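Grab a coffee and open the viewer. Below are some exercises to work through, each with a solution you can check step by step.

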Amino acid sequence: MVYHMGYVMTEAELVAASTYLDKNGDGKITYDEFADWWKMGEDRFESLELSETAQQQWAQAIEFFKYYDKDMSGDIDREEFKPVYKSLVEAGHKLGTFDQAMTTLDESRDGRISLNEYITWLVNIRVLPL
């Protein structure tokens, strides 16, 4: 739909857009969430644009996730998340304990972290701009 309306978005911008629109963070965009965004009028697509720096940060976060998704399942398990957590802590991010981070991240409580859960978490802890 975005492309057909004359807007070209990078993969990072599409992930950012879905995160932005998904106000309750459940990984799905409801009709009401979409309708609220649509009502913004002509400026709606501008609200989804990322700066070049932000695009690079989002792209890095997505690639980082994909790198640790060893089985390419689209989500990472507890073991796959350990090096991700370690890297973020080493970069100076205050995340609490590993178990706290895992509990916060795994909103669906299925023992796995989806890309959407991961990205939402990075936005919430202010690692990624939105």
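**Exercise 1. Find methionine 72, say which loop holds it, and decide whether it is buried or exposed.**

Solution. Keep in mind that you're looking at a predicted model.
- Step 1: methionine 72 sits in the loop that runs between α3 (52–68) and β1.
- Step 2: the relative accessible area of methionine 72 is 73%. The cut-off for exposed is over 50%, so methionine 72 is exposed.
- Step 3: now check the backbone. Methionine 72 has a positive phi, near 55°, and it is a residue other than glycine.
- Step 4: why flag that? Most residues other than glycine have a negative phi.

**Exercise 2. Find arginine 126 and work out the sign of its phi.**

Solution.
- Step 1: look in the segment after α6, where arginine 126 lies.
- Step 2: arginine 126 is not a glycine, yet its phi is positive, about 65°.
- Step 3: with a relative accessibility of 73%, arginine 126 counts as exposed.

**Exercise 3. Sketch the order of helices and strands along the chain.**

Solution.
- Step 1: take stock of the parts: six helices and two strands.
- Step 2: starting at the N terminus, write them down as α-α-α-β-α-α-β-α.
- Step 3: add some whole-chain numbers. The chain has 130 residues, and 38% of them count as buried.
- Step 4: take the contacts between residues at least 6 apart in sequence; 54% of these join residues at least 24 apart.
- Step 5: finish with the surface. About 8100 Å² is exposed by the chain, and carbon and sulfur atoms supply 52% of that.

**Exercise 4. Work out how many residues of helix α6 are buried, then look at threonine 120.**

Solution.
- Step 1: α6 spans residues 115–124, and eight of its 10 residues are buried, which leaves the helix mostly covered.
- Step 2: name some of the buried ones; among them are Leu115, Tyr118, Ile119 and Trp121.
- Step 3: threonine 120 belongs to α6 as well. Its relative accessible area is 13%. Buried means under 20%, so threonine 120 is buried.
- Step 4: ask what the threonine 120 side chain has for polar company. A polar atom of that side chain lies 2.8 Å from the backbone oxygen of asparagine 116.

**Exercise 5. Describe how α5 and α6 pack: what is the angle, and which residues meet?**

Solution.
- Step 1: the two helices pack at an angle of about 115°, and their axes are 9 Å apart.
- Step 2: that angle makes α5 roughly perpendicular to α6.
- Step 3: pick out the residues that meet. α5 brings Ala101, Thr104 and Leu105, while α6 brings Glu117, Tyr118 and Trp121.
- Step 4: look back at the buried residues of α6, and you'll find Glu117, Tyr118 and Trp121 among them.

**Exercise 6. Sort out some salt bridges: which link distant parts of the chain, and which lie within a helix?**

Solution.
- Step 1: a search of the whole structure turns up seven salt bridges.
- Step 2: start with arginine 112 and aspartate 77. They form a salt bridge with the closest N and O atoms 3.8 Å apart. This pair links distant parts of the chain, since arginine 112 is in strand β2 (residues 112–114) and aspartate 77 is in strand β1 (residues 75–77), 35 residues apart.
- Step 3: check how covered these two are. Arginine 112 is partly exposed at 22%, and aspartate 77 is also partly exposed, at 25%.
- Step 4: widen the view. A network of salt bridges links Asp71, Asp75, Asp77 and Arg112.
- Step 5: move to helix α4 (residues 78–90). Lysine 82 and glutamate 79 are three residues apart there, about one helical turn. Their side chains meet in a salt bridge at 3.0 Å, N to O.
- Step 6: lysine 82 is partly exposed at 37%, whereas glutamate 79 is exposed at 53%.
- Step 7: glutamate 90 and lysine 86 are four residues apart in α4, about one turn of the helix. Their salt bridge has its closest N and O atoms 3.9 Å apart. Glutamate 90 is exposed, with a relative accessible area of 60%.
- Step 8: the general point is that an α-helix has 3.6 residues a turn, so residues three or four places apart point the same way.

How values were computed:
Residues numbered from 1 in each chain as written. Predicted model: local features only at pLDDT ≥ 70, side-chain atom pairs only at ≥ 80, totals over all residues. Heavy atoms only, no water. Buried < 20%, exposed > 50% of the residue type's maximum accessible area, 1.4 Å probe, protein only. Polar contact = N/O pair within 3.5 Å; in protein donor to acceptor, adjacent residues only side chain to side chain. Salt bridge = Lys/Arg side-chain N within 4 Å of Asp/Glu carboxyl O. Contact = heavy atoms within 4.5 Å. Areas by Shrake-Rupley, 256 points an atom, 1.4 Å probe, with all protein chains shown as cover. Axes fitted to C-alpha atoms, helices over the stretch in contact; angles between N-to-C directions. Parallel < 35°, antiparallel > 145°, perpendicular 65-115°, else oblique.
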